[in-house]
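Let's take a friendly walk through this model, with two helices, a pocket and a few backbone angles as our stops.

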Amino acid sequence: MAVVHELWVDGQPASQADLTYHALFNYGAFTSFGVENRGVRGLNLHLARLETSALELFGEAVSEGRLRALIRSALSGRQEAWLRVSLFSPEVWTREPHWIGAPKVMIGVFTPPTPLAGGVRLQPQVYGREAAHLKHAATFGLLRARRLARQAGFDDALFTDPSGLISEGSLWNIGFWRGDEVIWPQATMLEGVAQTLIRRGLDQRKVRQHLRPVTLDDLPDFDGAFLCNSATPAAAIAAIGDHQFGDATDLSRMIEVAWRSNPCQTI
């Protein structure tokens, strides 16, 4: 598990009451990202995710200015770190779910995680996240899916619907390569910040991209596949179920270059 340096809630050290709530309830949302030289790639997208999630889940947004100030405070001068910024409210619990207001902001400061290595082998699993458009705190299904995949001899899980329509992975998005173009699956899922940044970078390089439904039966049509999230901009996928892909080192390198072409935004 990543080393936690500090936990802050609304600019103060997390209290026992805050931690007790998190131990008992998981109603909330979050985003996570790396800090590089006091900047963040796609920071505006992460902040927008938090604002819209707060409005949907709690009825009131947390302003961008407040989020930036709390992030700067939590960093305490650090140049490099991994942050998880979470929204929650002790006012919301099983017997009193109707509270409306601005949620609290918890920021965890971590040692940056090591990116996933390439050569990932995925187990297809029929699963769909609840409220998939939100990066919410209910991660039981995701961790169980990854655990089951590991027990079956795979590295991770790839989610599909009962017809085999591919959506996303446990904690990442997936893309495919065919000829000279990238294909992104069209399905109900969380649109990741890394995915959005990669799309922008590929557009700048005039790489053709398409968004369309992709099923397990379509896998033989592709030359390669990769997964992406903010911790791992690109990792080559070696296999999905019984289907093997060829070497995708060059593809992963191109995807990471596209991601890095988005400059860090000052906090």
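## Helix α6 and its cover

Contact here means heavy atoms within 4.5 Å. Keep in mind as you look that this is a predicted model.

Helix α6 covers residues 249-260, twelve residues in total. From first C-alpha to last it reaches 17 Å, close to the 16 Å expected at 1.5 Å a residue. Its buried residues are Leu251, Ser252, Ile255, Ala258 and Trp259. Viewed down the axis of α6, these buried residues fall within an arc of 120°, so they line one face of the helix. An α-helix has 3.6 residues a turn, so residues three or four places apart point the same way. Several elements help to cover the buried residues of α6, including the strands β4 (39-41), β10 (173-178), β11 (181-185), β13 (224-228) and β14 (235-240), along with the helix α5 (193-204).

## The second largest pocket

Trp259, one of the buried residues of α6, brings us to the second largest pocket, where Trp259 is among the lining residues closest to the centre. The others closest to the centre are Glu36, Trp82, Ser230 and Ala231, out of 23 residues that line this pocket. The space inside comes to about 340 Å³.

Which elements each supply at least two residues of this lining? They are β3 (29-35), β4, β5 (81-88) and α6. By class, the lining has 14 nonpolar, four polar and five charged residues.

## Helix α2

Helix α2 (residues 43-58) has 16 residues, and its end C-alpha atoms are 22 Å apart, which agrees with the 22 Å it should span at 1.5 Å a residue. Its buried residues are Leu43, His46, Leu47, Arg49, Leu50, Ser53, Ala54, Leu57 and Phe58. They cover an arc of only 150° around the axis, which puts them on the same side of α2. Turned away from that buried side is a face carrying the exposed residues Thr52 and Leu55.

What covers the buried residues of α2 includes β3, β4, α3 (64-75), β5, α5 and β16 (264-266). Just after α2, glycine 59 takes a positive phi of about 85°.

## Two positive phi angles outside glycine

Most residues other than glycine have a negative phi. Aspartate 10 has a positive phi of about 50° although it is not a glycine. You can find aspartate 10 in the loop between β1 (4-9) and β2 (12-13), where it is partly exposed at a relative accessible area of 28%.

Arginine 38 is not a glycine either, and its phi is positive at about 65°. Arginine 38 sits in the loop between β3 and β4. Is arginine 38 buried or partly exposed? At 26% relative accessibility, arginine 38 counts as partly exposed.

Technical notes: Residues are numbered from 1 along each chain as its sequence is written. This is a predicted model: local features need pLDDT of at least 70, side-chain atom pairs count only at pLDDT 80 or more; totals for chains, interfaces and linings use all residues. Side-chain values use heavy atoms; hydrogens and water are left out. Helices (H or I, at least four residues) and strands (E, at least two) are DSSP runs, numbered from the N terminus. The expected span of a helix is 1.5 Å times one less than its number of residues. Buried means under 20% relative accessible area, exposed over 50%, partly exposed in between (1.4 Å probe, protein chains only). The arc is that of the directions from the helix axis to the C-beta atoms. On a 1 Å grid over the protein atoms alone, a cavity is a set of points where a 1.4 Å probe fits but cannot get out, and a pocket is an open set with protein on both sides within 12 Å along at least five of seven lines; lining residues have an atom within 4 Å of a point. Grid points are joined across faces, edges and corners, and a volume is the space filled by probe spheres set on the points. Ala, Val, Leu, Ile, Met, Phe, Trp, Tyr, Cys and Pro count as nonpolar, Asp, Glu, Lys and Arg as charged, and the others, Gly among them, as polar.
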